[in-house]
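The paragraphs below lead through one protein chain, going from its overall dimensions to its sheets, its core and a few loop residues. Please keep the coordinates open beside the text while reading.

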Amino acid sequence: MAERRTAIHFFCDNGSCKSESRSKKFTKPAVVTLIADGTDVTLRFARSPFVSGDKVIQIPADTFVKEKLAGTSGTFKYSVSCSACSSGNDDAEFILGL
Ligand SMILES: [Zn+2]
């Protein structure tokens, strides 16, 4: 079965880091493209949902990072921060039900 491919944009809106989907559900193995729109974005996961095992993902402005989801079910909370603001946002999550 082909892997699913999904892209998620991160950006900063009036001093608040945003993800286009705060809570993202995955029900199949997927490659996720994490895109930073106009600001350097850092994602910090409490535990990594990725095959790479990376818990901190740094995405320079207007570039992207690809990560493959590991085959582990669960809820993976993460925070989003960026170079354009100091507040960040720690209310994002991936939900894996593989
Ligand atoms: Zn921000």
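The radius of gyration used here is taken over C-alpha atoms, and the globule rule against which it is set is 2.2 Å times the number of residues to the power 0.38. For the 98 residues of the protein chain that rule gives a compact globule a radius of gyration near 13 Å, and the chain agrees with the rule because its own value is 13 Å. Along its principal axes, the C-alpha trace spans about 40 × 20 × 20 Å. The model is a predicted one, in which local features need pLDDT of at least 70 and side-chain atom pairs count only at pLDDT 80 or more, while totals for chains, interfaces and linings use all residues. Residue numbers start from 1 along each chain as its sequence is written.

In secondary structure, the protein chain has nine strands and zero helices, where helices (H or I, at least four residues) and strands (E, at least two residues) are DSSP runs numbered from the N terminus. Read along the sequence, the pattern is accordingly β-β-β-β-β-β-β-β-β. Two strands are said to pair if DSSP finds at least two bridges between them, and with this criterion one can turn to the sheets.

One open sheet consists of five strands in the order β3-β9-β8-β5-β6, with mixed pairing. Since β3 (23-26) and β6 (56-59) stand at the edges and each has a single partner strand, one side of each is left without a neighbour in the sheet. From one strand to the next the twist averages 20°, with axes being lines fitted to C-alpha atoms (for helices over the stretch in contact) and angles running from 0 to 180 degrees between N-to-C directions. Within this sheet, β5 (residues 41-45) runs antiparallel to β8 (residues 74-82) and is joined to it by five bridges; Phe45, for instance, has Tyr78 of β8 as its bridge partner. The strand β5 is also antiparallel to β6, through four bridges, and there Leu43 has Ile57 as its bridge partner.

Another open sheet has four strands in the order β2-β1-β4-β7, again with mixed pairing. Its edge strands are β2 (16-19) and β7 (64-68), each of which pairs on one side only, and the twist from one strand to the next averages 20°. Here β1 and β4 pair in the parallel sense over seven bridges, and Ile8 stands opposite Leu34 in β4.

How many residues does the largest nonpolar core have? A nonpolar core is a set of buried Ala, Val, Leu, Ile, Met, Phe, Trp, Tyr and Cys residues joined through C-beta atoms within 7 Å, and the largest one has 16 residues, those with the most contacts inside it being Phe10, Cys17, Val41, Leu43 and Val80. At least two residues of this core come from each of β1 (4-13), β4 (30-36), β5, β8 and β9 (89-96), and β8 gives the most, with four residues. In soluble globular proteins, nonpolar side chains tend to be buried together. A residue is buried if 20 or more other C-beta atoms lie within 10 Å of its own, exposed if 12 or fewer do, and partly exposed in between, the C-beta atoms being placed from the backbone; buried residues make up 19% of the 98 residues in the protein chain.

Two residues are in contact if their C-beta atoms, placed from the backbone, lie within 7 Å. Leaving aside neighbours within four places in sequence, Cys17 is in contact with Phe10, Cys12, Val80, Ser81, Cys82, Cys85, Gly88 and Asn89. Over the protein chain, 64% of the contacts between residues at least 6 apart in sequence join residues at least 24 apart.

The loops offer some further details. Most residues other than glycine have a negative phi, and most peptide bonds are trans. Asn14, in the loop between β1 and β2, has a positive phi near 50°, and Asn14 is exposed because 7 other C-beta atoms lie within 10 Å. Asp62, placed in the loop between β6 and β7, likewise has a positive phi, of about 60°, although it is not a glycine; with 11 C-beta neighbours inside 10 Å, Asp62 counts as exposed. Thr27, found in the loop between β3 and β4, also counts as exposed, with 11 C-beta neighbours inside 10 Å. The C-alpha atoms of Thr27 and Gly71 are separated by 10 Å, the two residues being 44 residues apart along the chain.
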